[in-house]
Structure formats: C-alpha cells, structure tokens
Amino acid sequence: QSMDYINMCASYMDLGDRNKAYEIITVGQSAYPNDIDILFVKSRTIDDKTKEVEILMQILNFEYKVQPRFFDYATVYNNIAWNYCCIGKFEEGLVYAEKAIARNKSHDYIWETLGELYYNTGNYEKCIDAMTQCIGCSNNNNIIQSALSFRGKSHLKLGNNKQGKIDLKAADRM
C-alpha cells in the first residue's frame, strides 16, 4: 500500500535518516507514480530547495483533479513560497504565498510565510497585517515569536518605535 511507504518514510525521518527516507519514498513513487501524497512526502525528504520546488510544482498539476489524503493545496503553495524565501527569491515566493492564503486562511504557518515575504519585499504594512493574523490564529509559540519579531521590525521600519519595541520585547520573552 502507498501508506506503507509513507509511514516507513516518516519513521526514517523521525530517526533523522533523511537519506533512507528518500530512498524508501522513491521506491514508493515507483510503485505508485501518480500518488500525490507520496510526492508530497518526497518533497519533505529533499534538502535541496530548488528540487523540492520542482516536486511541489508536480503536485500542483493535480490540483482540482485529485483530493490529497493528508495535506491541502494551500500547504503546497506555502511550501513553494517558503522555499523561494529560503533561497532569496522573495518576489517569486510572494506570488505563491498569496495563493496559499487565498486557499486557506486558517494555517498560521501560511500567514507567517506571507508576512516574512512581505517584510523581505519591503511591504511593512502588509507584513504587520499578516503577522497580526498569524498571531491571532496560532497557538505555536515558535510561530508566534517569529510573527512578533517580524511585526516589531516592520513597525520600526515604519517609524512606529513604541509598538515595534513592544513586539520585539514580547518576542524576546518567549
């Protein structure tokens, strides 16, 4: 079953053996070449941001045709955006982050990615708005800390020093 490959891959990832996880999921992909869940898991095993984007783009070919079992397409768009952010292609990433948030406004990590991309493209007001949304829907302290930090830095960039310092202090306390 395709889920056997996914579960075995996840086990190797939990053990920190990314190479064995990749090997297992590649075998699973050979057995189930059109299984988008296997493709998604494979994207998580790759340590090369450009190759990960390539796999995620393959998944988008199935959008509106195949319903994933354990992820949503908003997450795929977000992961593309995040990879572009990591390699410094902020404008390219922003397009995908905006598509991600249009598909699902409830994921805190999508708001965080969108906010970080807004920050890195100099859209500080939009960063503040995105990070405020992120904080409002998150219960993950790491994400909230990041959102507060970017929101605080954006306030400082806009000359709102008092609010910026409040957010940065709150982030430091976390």
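This passage describes the helices, aromatic pairs, charged groups over rings and largest pocket of a predicted model.

The protein contains ten helices and zero strands. Read along the sequence, the pattern is α-α-α-α-α-α-α-α-α-α. Taken along the principal axes, the box filled by the C-alpha atoms is roughly 60 × 35 × 25 Å. Of the 174 residues in the protein, 47% are buried. Contacts between residues at least 6 apart in sequence were also examined, and 48% of these join residues at least 24 apart.

A search of the whole structure gave eight aromatic pairs. In one of them, the ring centres of Phe-70 and Phe-71 lie 6.2 Å apart and the planes meet at 85°; this pair is therefore edge-to-face, since planes over 60 degrees apart are classed in that way. The two residues are neighbours in the numbering but fall into separate accessibility classes: Phe-70 is partly exposed, with a relative accessibility of 39%, whereas Phe-71 is buried, with a relative accessibility of 9%. Both residues belong to a cluster, linked by ring pairs, that also includes Phe-40 and Tyr-73.

Another pair is formed by Tyr-119 and Phe-150. The ring centres of Tyr-119 and Phe-150 are 5.3 Å apart, and the angle of 70° between their planes makes this pair edge-to-face. Tyr-119 is located in helix H7 (residues 108-120) and Phe-150 in helix H9 (residues 141-157), so the pair ties together parts that are 31 residues apart in sequence. Both partners are on the buried side of the cut-off, which is under 20% relative accessible area. Tyr-119 has a relative accessibility of 15% and counts as buried, and Phe-150, at 11%, is buried as well.

Charged groups were found over two of the rings named here. Lys-153 lies over the face of Phe-150, at 4.3 Å from the ring centre. Phe-150 thus has a lysine over its face in addition to its ring pair with Tyr-119. The charged end of Lys-99 sits over the ring of Tyr-96, at 5.5 Å from the centre of that ring.

Tyr-119 is also in contact with Tyr-124. Tyr-124 is found in helix H8 (residues 124-137). With a relative accessible area of 19%, Tyr-124 is buried, because the class takes in values under 20%. When neighbours within four places in sequence are left aside, the contacts of Tyr-124 are with Tyr-119, Ser-154, Lys-157 and Leu-158. Tyr-124 and Leu-15, by contrast, are 39 Å apart in space, C-alpha to C-alpha, and 109 residues apart in sequence.

The largest pocket has a volume of about 250 Å³. It is lined by 14 residues, of which Arg-44, Lys-49, Glu-52, Asn-79 and Trp-82 are the closest to its centre. Helix H4 (49-60), helix H5 (73-86) and H7 are the elements that each give two or more residues to this lining. By class, the lining of the largest pocket consists of seven charged, four polar and three nonpolar residues. Helix H7 therefore appears in two parts of this description: it holds Tyr-119 of the ring pair with Phe-150, and it gives residues to the lining of the largest pocket.

Conventions:
Residues are numbered from 1 along each chain as its sequence is written. This is a predicted model: local features need pLDDT of at least 70, side-chain atom pairs count only at pLDDT 80 or more; totals for chains, interfaces and linings use all residues. Side-chain values use heavy atoms; hydrogens and water are left out. Rings of Phe, Tyr and Trp (its six-membered ring) pair if their centres lie within 6.5 Å; planes under 30 degrees apart count as stacked, over 60 as edge-to-face and the rest as tilted. Buried means under 20% relative accessible area, exposed over 50%, partly exposed in between (1.4 Å probe, protein chains only). Helices (H or I, at least four residues) and strands (E, at least two) are DSSP runs, numbered from the N terminus. A charge sits over a ring if NZ of Lys or CZ of Arg is within 6 Å of the ring centre and within 35 degrees of the ring normal. On a 1 Å grid over the protein atoms alone, a cavity is a set of points where a 1.4 Å probe fits but cannot get out, and a pocket is an open set with protein on both sides within 12 Å along at least five of seven lines; lining residues have an atom within 4 Å of a point. Grid points are joined across faces, edges and corners, and a volume is the space filled by probe spheres set on the points. Ala, Val, Leu, Ile, Met, Phe, Trp, Tyr, Cys and Pro count as nonpolar, Asp, Glu, Lys and Arg as charged, and the others, Gly among them, as polar. Contact means heavy atoms within 4.5 Å.
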